[in-house]
Amino acid sequence: MTGRFALVYNPRSRRNMGDRSAYAQTARTLLGENFIDPADRSRLDAHIVEFASRGTDCIVIDGGDGTVSDVLTAIHRHYPPDRLPALAILPSGNTNLIAGDVGFGLRGIRALEHLQQLDASGQLRRNVRRRCGLVVEWPEPDGPLPVVGMFHGAAAFTRGIELAHQPAILNNYSHEMAVIVSFLSSVAHLLTKRSRQDWMRGDQMDVKAGKTLQRQGNCFLFLSTTLQHLPHGIWPFWTAPGTRDDVINFLHVAGQPSRLAAAAWALLRGRHPAWLRHNPDYCSGCEDRIEMTMKSDFVLDGEVMSPGATGRIVLSATAPIDFIHA
C-alpha cells in the first residue's frame with residue numbers, strides 16, 4: 001500500500017453496528033495508523049490535525065451525514081483551503097443524504113479493494129464530483145467555532161426533524177421510513193385548527209442573501225444546500241441542479257404561505273411553474289453568502305443546533321472539494 005488515503009470509520013453508524021463481517025478488522029490491518037474510529041469529536045479533530053500535517057491527500061468516510069459533517073468541519077479547521085483532501089463517502093449512517101449525491105458507490109471490502117487499486121495506480125482523483133461544503137458561522141466573538149455540512153434547514157424543517165428524532169419513531173423505523181412517518185405526523189398537525197395556525201405562522205426570521213435579497217418577518221420553511229441532487233427527484237430550488245457548484249441553493253417560504261399544498265406538490269416533483277416563481281410567498285436563488293437572524297433552532301445534516309444568544313448565523317461555501325466516485 002502507498003498509504004495515501006486514510007479511513008474514518010464510525011462503528012456507531014446504523015449499518016456498521018449490524019456488520020458482522022471482517023471488514024473493519026481488515027481495514028485496520030491494512031491501513032494501520034491511517035484507520036481511525038474516534039470515540040468523540042475531539043479525538044477526530046486530533047486525527048485530522050495529524051492527517052493535515054502528513055499531507056494525507058484522501059480521506060474515506062464510513063458513516064452517515066453526521067460523520068461526514070464532523071470530518072468536513074475538522075478539515076475546514078485544519079487543512080489549507082488550497083490543499084483540501086479528496087473525500088470518498090461510504091454510506092453507513094442513519095441519514096445518507098450526502099452520499100446520495102457524492103457517495104463513492106461501494107461499501108465494505110469491495111470499496112476498500114477498489115480504493116487500494118486507485119491508490120496504487122495514482123488515480124484516486126480519476127473520477128470525482130466537485131462540491132463545496134456549507135459553512136455555518138456564529139459571527140459574535142464568543143460564539144461557537146464554525147461547523148461545516150451540506151444541507152441546512154430551519155422553521156418547519158426543524159420541527160419535522162425533531163419529530164423524526166422522537167424515540168417512538170427513531171427506534172422503530174429505518175430513517176427513510178422515519179422521514180415518512182414524520183411527514184405524516186406533520187400533516188396531522190396541520191389538520192387541527194390550533195396546530196395548523198401554529199405551524200403555518202412559522203418562525204420569526206430575517207434573511208439576507210447576497211447583496212440585494214432580503215426577507216423579513218415570519219418564515220414557514222427555509223432550506224439551503226451545496227448538494228446538486230436530492231433523493232427521488234426532489235429539487236425545491238429554482239436554479240437547475242448542476243448549474244453551479246460553488247454557491248448555496250436556498251428556498252425561503254414566508255409564514256402563512258398561499259397555495260401551500262399546490263406548491264409542495266410541485267416542489268416535491270422538482271417542478272417550478274411560473275405561478276410559483278412569481279408568488280411573493282416563495283423565494284429561491286443561489287448565493288455564496290446568506291446572513292440569518294432567528295430565535296428558533298436550525299438543522300445541519302440532521303443535527304439540531306442553536307443560533308445562539310444573538311440568533312445570528314452566517315452561511316457560506318467552502319473551497320471546492322473533490323468527492324471520489326468509483
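The exchange below concerns aromatic rings and one pocket in a predicted model.

Biologist: How many aromatic pairs does the count come to?

Modeller: Rings are paired when their centres lie within 6.5 Å, and one such pair, formed by tryptophan 138 and phenylalanine 298, has its centres 6.1 Å apart. By this rule the count comes to 6 aromatic pairs.

Biologist: Which strand holds phenylalanine 298, the partner of tryptophan 138?

Modeller: Tryptophan 138 and phenylalanine 298 are both buried, and their planes stand at 40 degrees in a tilted arrangement. The pair links distant parts of the chain, 160 residues apart, with tryptophan 138 in the loop between β5 and β6 and phenylalanine 298 in strand β14.

Biologist: Why is the pair of tryptophan 235 and phenylalanine 237 edge-to-face?

Modeller: Tryptophan 235 is buried, as is phenylalanine 237, and the centres of their rings are 4.9 Å apart. Planes over 60 degrees apart count as edge-to-face. The planes of tryptophan 235 and phenylalanine 237 are at 75 degrees, so the pair is edge-to-face.

Biologist: Which residue lies over the face of tryptophan 275?

Modeller: The distance to the ring centre of tryptophan 275 is 3.8 Å, where a charge has to be within 6 Å of the centre to sit over a ring. The residue lying over this face is arginine 259.

Biologist: Which element gives the largest share of the lining of the second largest pocket?

Modeller: The second largest pocket has a volume of about 220 Å³, and its lining has 4 nonpolar, 2 polar and 5 charged residues. The elements that give two or more residues to this lining are α3, α4 and β15. The largest share, 5 residues, comes from α4.

Notes. Residues are numbered from 1 along each chain as its sequence is written. This is a predicted model: local features need pLDDT of at least 70, side-chain atom pairs count only at pLDDT 80 or more; totals for chains, interfaces and linings use all residues. Side-chain values use heavy atoms; hydrogens and water are left out. Rings of Phe, Tyr and Trp (its six-membered ring) pair if their centres lie within 6.5 Å; planes under 30 degrees apart count as stacked, over 60 as edge-to-face and the rest as tilted. Helices (H or I, at least four residues) and strands (E, at least two) are DSSP runs, numbered from the N terminus. Buried means under 20% relative accessible area, exposed over 50%, partly exposed in between (1.4 Å probe, protein chains only). A charge sits over a ring if NZ of Lys or CZ of Arg is within 6 Å of the ring centre and within 35 degrees of the ring normal. On a 1 Å grid over the protein atoms alone, a cavity is a set of points where a 1.4 Å probe fits but cannot get out, and a pocket is an open set with protein on both sides within 12 Å along at least five of seven lines; lining residues have an atom within 4 Å of a point. Grid points are joined across faces, edges and corners, and a volume is the space filled by probe spheres set on the points. Ala, Val, Leu, Ile, Met, Phe, Trp, Tyr, Cys and Pro count as nonpolar, Asp, Glu, Lys and Arg as charged, and the others, Gly among them, as polar.
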